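Subject: Structure handover

Dear colleague,

Please find the structure below, as agreed. My notes on the contact between chains, the salt bridges and the cysteines follow it.

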Amino acid sequence: MGLAIEVKGLYKRYGSHEVLKGMDLSVAEGGVFALLGPNGAGKTTFIHILAGLLRADRGIVRVAGYDVTMEKLRVKMSISLTGQFAAVDDMLTGTENLRMLGRLNGLSAAQAAARATELISQFDLEAAGGKRVGTYSGGMRRRLDLASSLIVPRPIVFLDEPTTGLDTRSRRSLWDSIQALASQGITVILTTQYLEEADQLADRIAVIHEGRIVASGTPAELKARIGEEVIELLNEEGEVSHTLTTDGTITSIQDQLLMLAQQAPPNARVRLRSPSMDDVFLALTESADSNSNKEAKRA
Amino acid sequence: MTKPAYEGKQPSFFTTNAEFIVRSIRHSLRNVETMIMAIVLPVMLMLLFTYVFGGAIDTSGNYVNYVVPGIILLCAGFGSSSTAVDVASDMKNGIIDRFRTLPIHSWCLMTGHVTASLLRNLLATGIVILAALLVGFTPHADVWEWLAALGIISLFILAITWLYAAIGLVAGSPAAASGYGFALLFLPYLSSAFVATDTMPSWLQGVAEHQPITPVIETIRSLLLGGAADEHAWFAIGWCLLILIGAVIWCTWLYNRRAGRR
């Protein structure tokens, strides 16, 4: 299997603000790849460079095997992008949006019309297809936006924070659509700040923090990095007051419990659970922060 | 892959432009308020100048003939100014990112806006001329003179629309675009549109006689009402082409610079 994305030593700055500080990333073809990071980590900048919307300052960026600056047209023919802001035309109807984009993707008028009808029903927009997009709800706009990305088959689909601002139901239905894409053999690259989303959807995750990839792997691998089992200490109200990570062995759990027994009241209750993506994320970004603090001190 | 039946390819240059033109025309038709303003305002101004100020400016009672060419240009200015807002909205909205990831020259988006503006303005010009005929405008022109006048008007609309498109790209937001664009709308007042320039103070005469609007107005005036157009016509064509070429180059440069960063 080839590489969908290959990035080496990628730098990007806006004025004096360095957004991407030497990113390296390889993503194999197929499946869902999640780029997980907080606001301002550089996710959108990164996706825009991959999609050819922004130029990198330095570094090698190859998408579907093509160089994003040298082989722009080939890259455009290999990708589609659904951005953070629903990129749909408010003044046109849903069907008109899809037909126009069909034509702009090289379909004949008849093909564009047929494809628009298909997508409208596939994304459950039949009742709204003839209405102006300006009247759509947030969830409907996102569905139309995603449909706009799928008019012609592209091997790589970028989704920049596809579910931001959606209610739970719309989010679930979008997740189903995303999984359906992956099952057709399309490589889906999505960014998200929701750990749950990455955990649920992605086969592989890269954690981006302050312009660098701080960790990558399968959700299970990332969780394994911070330990196997987590001990939660509960307070009198039954809320988690403290968490301790262990490597899952009896010795490690016993050690942590002995330590707790000395500090916590004797009738305190504990619970054992698998680590969540939240634990992983906090552990990874905290260690990245303390590393950069150390670097700062050395300098 | 989903349906190999829908194989994507690069659309032709013609298709790309046609799609963007259709899109912009749909926008214009659905933006009823803007459309009405672009027609009603110049007609109101014409009535205002003919019936309220006209008597004081030209006591012979023939002012309507003098003012119509200026009103036509004023109308074109108003009508084109919404291009700045349309372009700025497209740049701010995420849709520009979608267009830029398609296998097309997304710059054709601009041709769409400009073509729609041209059609919109020719319609508005037609309505203004009809209204003028109703209030006593008496042109003396044969078919060729009418066509020549239409040609000059179209060239002026194109030039000013491209300029507004560039303003739309410079402005950070649709509101700012509307504000910047407003400044240009004052140019017709500082020309021979409403009063002969020799009635102005001498320093203003210099400005009024040498700005692009005056030769365009004088050309239309002589084509529609009789009189020699030759020298004015060359200046009018020269100015319009200069603005047109300059604005297109400026637009292209701005587009390539601007579209990448929102």
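What does Arg271(A) count as at its relative accessibility: buried, partly exposed or exposed? At 43% relative accessibility, Arg271(A) counts as partly exposed. Please keep in mind throughout that this is a predicted model.

Arg271(A) has a salt-bridge partner in Glu232(A), with the closest N and O atoms 2.9 Å apart. This pair links distant parts of the chain, since Glu232(A) sits in strand E11 (residues 229-234) of chain A and Arg271(A) in strand E13 (residues 269-273) of chain A, with the two positions 39 residues apart in numbering. Glu232(A), unlike its partner, is buried, at a relative accessible area of 6%.

Next, the contact between the chains. Chain A contributes 43 residues to the contact and chain B contributes 32 residues. About 3500 Å² of area is buried between chain A and chain B, and carbon and sulfur atoms give 58% of that. Between the two chains there are 14 residue pairs in polar contact, counting pairs with both residues at pLDDT 80 or more.

On the side of chain A that touches chain B, the elements giving two or more residues are helix H2 (72-76), strand E6 (79-82), helix H3 (94-104), helix H4 (109-122) and helix H5 (138-149) of chain A. H3(A) gives the most to this side, with five residues. By residue class, the side of chain A that touches chain B divides into 23 nonpolar, 11 polar and nine charged residues.

Now the salt bridges. Over all chains, a search of the whole structure finds 16 salt bridges. Between chain A and chain B the count is five.

One of the salt bridges pairs Glu19(B) with Arg103(A), where the closest N and O atoms are 3.6 Å apart. Glu19(B) lies in helix H1 (residues 13-30) of chain B and Arg103(A) lies in helix H3 of chain A, so this pair joins two chains. Glu19(B) is buried, with a relative accessible area of 15%, whereas Arg103(A) is partly exposed at 22%.

Asp145(A) and Arg98(B) also meet through their side chains in a salt bridge, at 2.3 Å from N to O. This pair, too, crosses between chains, running from helix H5 of chain A, where Asp145(A) is found, to helix H4 (residues 95-101) of chain B, which holds Arg98(B). Both Asp145(A) and Arg98(B) are buried.

There is also a network of salt bridges, which links Asp89(A), Arg23(B) and Asp90(B).

Last, the cysteines. How many disulfides does a search of the whole structure find over all chains? The search finds zero. Cys108(B) and Cys251(B) serve as examples. For the sulfur of Cys108(B), the closest cysteine sulfur is that of Cys251(B), 13 Å away, which is too far for a bond. Taken from the other end, the sulfur of Cys251(B) has its closest cysteine sulfur in Cys108(B), again at 13 Å. The cut-off for a disulfide is a pair of cysteine sulfur atoms within 2.5 Å, so a pair at 13 Å does not qualify. Cys108(B) is buried, with a relative accessible area of 2%, and Cys251(B) counts as buried at 0% relative accessibility.

Regards

Methods. Residues are numbered from 1 along each chain as its sequence is written. Chains are lettered from A and ligands numbered from 1 in the order in which they are written. This is a predicted model: local features need pLDDT of at least 70, side-chain atom pairs count only at pLDDT 80 or more; totals for chains, interfaces and linings use all residues. Side-chain values use heavy atoms; hydrogens and water are left out. Contact means heavy atoms within 4.5 Å. Buried area is the accessible area (1.4 Å probe) that two parts lose on being put together, summed over both. A salt bridge is a side-chain nitrogen of Lys or Arg within 4 Å of a carboxyl oxygen of Asp or Glu. A polar contact is a pair of N or O atoms within 3.5 Å; within protein, one must be able to donate a hydrogen and the other to accept it, and residues adjacent in sequence count only if both atoms are side-chain atoms. Helices (H or I, at least four residues) and strands (E, at least two) are DSSP runs, numbered from the N terminus. Ala, Val, Leu, Ile, Met, Phe, Trp, Tyr, Cys and Pro count as nonpolar, Asp, Glu, Lys and Arg as charged, and the others, Gly among them, as polar. Buried means under 20% relative accessible area, exposed over 50%, partly exposed in between (1.4 Å probe, protein chains only).
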